[in-house]
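I opened this entry to check one strand and the cysteines. My notes follow the order of the look-ups.

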Amino acid sequence: MEEVVLENKEDLEKGCSLDGATRRAAVIGAGISGLVCAEELSKQGFKVTVFEAGRGVGGRMATRRVDLEDGKQVQFDHGCQFFTVSNPEFESLVLRWEKVGAIAKWKGRVAELSAVSKKTGFSDKLDENRVMTTEMEKMDRWVGTPSMNAVCKCLASSKGLTVCNGVRVCGFQRPETCLDGKWGLEMHPTAHPFAEDEVVGGFDVVVVSDKTLASTRTLMLYGKPPPLESAGVSSLLNKMQSLSQQPAFALMLAFKEPINIPYDGLIVMNHSMISSAVRNDSKPARDGKGVQQWLVLSTASYSNNLVYGNRLTQAGTDKHRNILNIVADEMSTCFSEILKQYFKDDVRLPPKPVLKIAHRWASAFPVLGSEGAKHFFADDASQIYACGDYCNAAGGRACGMSEHVEQAALSGLYAARHIAKVIPIPLDGE
């Protein structure tokens, strides 16, 4: 799953020379929803190609590795921190992932802290009665092993799938405009902004799991309308655009001296800046290398004020980097204050972290789904579909997007099953 350079089109069209009886599907986005969908379509007899704009699979189930000055490498699950299970069908997927070693239970202690108000600060020191024993502590909390993106890597290696990283879908060619009467996708290499677009075609079905294809932000980023607009599926486009997603910042902190609190995770309620913090090196199959690694997640309101207040739209710009530095300083200071106010004399904070990096998630939290929302969106006439947690967002607590993994996986699963019914694999000779 190396980054694909479009000049080598044979890589993109791997497995494309098939007889007419084979159904081909393109899945756009290699997060949990897209990959669950792709795996299920493959099981149903489709030849599936997954296109991902990023360097690797995972989406918000992502892992970042960073080299410290002393040569040690640390890693952070800088999106989803863990996930839970409530649906039997999702549970069957989870147990299968556990069996192959892609996930394990995380038994870290999690505490809930409640902010009183901006004026009075936080409530008194946490006691044992405030530990989350009634809900979160009783639930099985799952993490990828040895990193959160292990689940998506496992799915991407499924038989019958071709995964192309580093390619951004920037347009669609409808079947009636193509000689073979099938969908064509216009591609652009993410790492080569001045390269020419290429077209990869021959797809009977297209599944969009990357919601950015419907986002108007492409006008600011690339000077072009949303890619999905060129597909001519206005109803699908309008549905995707009607469901908003909010940004979030993830702060990665590494300490050579430990933070001495008896918890591995903190959920901060009613705070203006920080929603949760998780000690990543407490998770199974992680080698902390003597360095404590904390991932602190912002609230959506704090992120909204910065992203939209400062029009922070394009990664890689000086403005983007400067604001990320400000975010890192503000969130780091706030995290220290929370620890001091809640745990008082019990916590010994290091003088400063050896690593402090902020990351922006442009679309971390789907806004609450509307009444009667679907698990996926379908345009059966055009044979183009959309899946993802945004299709039926339940909202909930912001502990690292944990609830959204189940929603996203089920969305992809149900979309694939629907597609298999609507577009059955023909018998030989048909």
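**Strand 17 and its neighbours**

I looked at which way the side chains of strand 17 point: Q292, W294, V296 and S298 go one way, while Q293, L295 and L297 go the other, and all are buried. I kept in mind that this is a predicted model.

Next I asked why strand 17 is largely enclosed. The strand covers residues 292-298, and 7 of its 7 residues are buried, so the rest of the structure largely encloses it.

Then I looked up the pairing. Strand 14, residues 245-255, runs antiparallel to strand 17, and 6 bridges join the two. I picked out one pair there: Q293 in strand 17 stands opposite A254. Strand 16, residues 274-279, is also joined to strand 17, by 5 bridges, and this pair is antiparallel. For S276 I found L297 of strand 17 as the bridge partner.

**Cysteines**

How many disulfides does the structure hold? I found 0. I checked C37 next. C37 is in no disulfide, and its nearest cysteine sulfur belongs to C387, 4.7 Å away. The cut-off for a disulfide is a sulfur pair within 2.5 Å. I repeated the look-up for C391. C391 is in no disulfide either, and the nearest cysteine sulfur is that of C387, 6.7 Å away.

Are these cysteines buried or exposed? C37 has a relative accessible area of 0%, so I noted C37 as buried. C391 has a relative accessible area of 0%, so C391 went down as buried too.

Methods: Residues numbered from 1 in each chain as written. Predicted model: local features only at pLDDT ≥ 70, side-chain atom pairs only at ≥ 80, totals over all residues. Heavy atoms only, no water. Buried < 20%, exposed > 50% of the residue type's maximum accessible area, 1.4 Å probe, protein only. Helix = DSSP H or I, 4+ residues; strand = E, 2+ residues; numbered from the N terminus. Pairing = 2+ DSSP bridges.
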